[in-house]
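This report describes the strand pairing, the aromatic contacts, the salt bridges and the main pocket of one protein chain. Please read it alongside the sequence and the structure shown below.

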Amino acid sequence: MGKNHRLNKNREKDARGMILVSVLILTSILMIIGLSLLGASSSQLYLANSDVANVNATQVAEAGVEQSVKELNDSDSFAGYTTAQTLFSNKTQGTGSFTVSIADSTDDSNAKIITSVGKVYRYGQTKPISVKKIRVTVVGTSSNGYSVHT
């Protein structure tokens, strides 16, 4: 009876040891899965923020074009905005600004080429997180103003 009793105790210890090893393996597998999901979520957040910054920079550059067309319709001698014009500046969106240069077209004497550069910055930062450049040709019309050609 003493020998059988010892064998049963050893089997119980072995069973408890196997359960402990199984729990550790399962916990490790779940931790690896969790860390993988965390990494994927972080990547998706970075990509989404990058997309938003790119869209905002494009819209800021388009706003520069629109403002320049308005100014050209008021004064044919308008040469653009050489200093950055701030379109928005807040903690949610950051800061969006544009610069615009205007040149006469070599193809058409009534046309002007507007090049607008939109930049988006994190709020309070000086290095842009996205820069977009838009170039359009506007043509003077007989109705005393300019309209976008290309």
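Two strands pair if DSSP finds at least two bridges between them. The model discussed here is predicted.

**Strand pairing**

Strand β1, residues 80–90, runs antiparallel to strand β2, residues 94–104, and seven bridges connect the two. In this arrangement N90 of the chain faces G94, a residue of β2. The connection from β1 to β2 is a hairpin of three residues.

**Aromatic contacts**

A pair of aromatic rings is described by the distance of the centres and the angle of the planes. Two such pairs are present in the structure. In one of them, the ring centres of F78 and Y81 lie 5.1 Å apart; the planes meet at 70 degrees, so this pair is edge-to-face. Both F78 and Y81 are buried.

The other pair joins Y81 and F98, with ring centres 5.7 Å apart and planes at 80 degrees, so it too is classed as edge-to-face. Because Y81 belongs to strand β1 and F98 to strand β2, this contact ties together parts that are 17 residues apart in sequence. F98 is buried, as is Y81. Taken together, F78, Y81 and F98 make up one aromatic cluster.

**Salt bridges**

Side chains of opposite charge can pair when their charged atoms come close. Three salt bridges are found when the whole structure is searched. They are listed below with the separation of nitrogen and oxygen.

| Residue with nitrogen | Residue with oxygen | N to O distance |
|---|---|---|
| K70 | E71 | 4.0 Å |
| K70 | D74 | 3.1 Å |
| K112 | D104 | 2.9 Å |

K70, E71 and D74 are connected in a network of salt bridges. Within it, K70 and D74 are four residues apart in helix α1, which means that about one helical turn separates them. The surroundings of these two residues can be stated as well. K70 has a relative accessibility of 43% and therefore counts as partly exposed. D74 has a relative accessibility of 57% and therefore counts as exposed.

How accessible are the partners in the salt bridge between D104 and K112? D104 counts as exposed because its relative accessibility is 57%. K112, in contrast, counts as buried because its relative accessibility is 11%. The limits behind these classes are under 20% for buried and over 50% for exposed.

**The largest pocket**

The largest pocket has a volume of about 280 Å³. Its lining comprises 16 residues, and those closest to the centre of the pocket are N49, S50, A53, R122 and I129. Which element gives the most to this lining? Helix α1 does, with seven residues. Both α1 (2–74) and β3 (111–121) supply at least two residues of the lining. By character, the lining residues of this pocket divide into seven nonpolar, seven polar and two charged.

**Elements that recur**

Some elements appear in several of the sections above. Helix α1 holds K70 and D74 and also contributes seven residues to the lining of the largest pocket. Strands β1 and β2 are paired through seven bridges, and the ring contact between Y81 and F98 likewise spans these two strands.

Notes:
Residues numbered from 1 in each chain as written. Heavy atoms only, no water. 1 Å grid on protein atoms, 1.4 Å probe; cavity = no way out; pocket = protein on both sides within 12 Å on 5 of 7 lines; lining within 4 Å. Points joined across faces, edges and corners; volume = space filled by probe spheres on them. Nonpolar A, V, L, I, M, F, W, Y, C, P; charged D, E, K, R; others polar. Phe/Tyr/Trp six-rings, centres within 6.5 Å; stacked < 30°, edge-to-face > 60°. Buried < 20%, exposed > 50% of the residue type's maximum accessible area, 1.4 Å probe, protein only. Salt bridge = Lys/Arg side-chain N within 4 Å of Asp/Glu carboxyl O.
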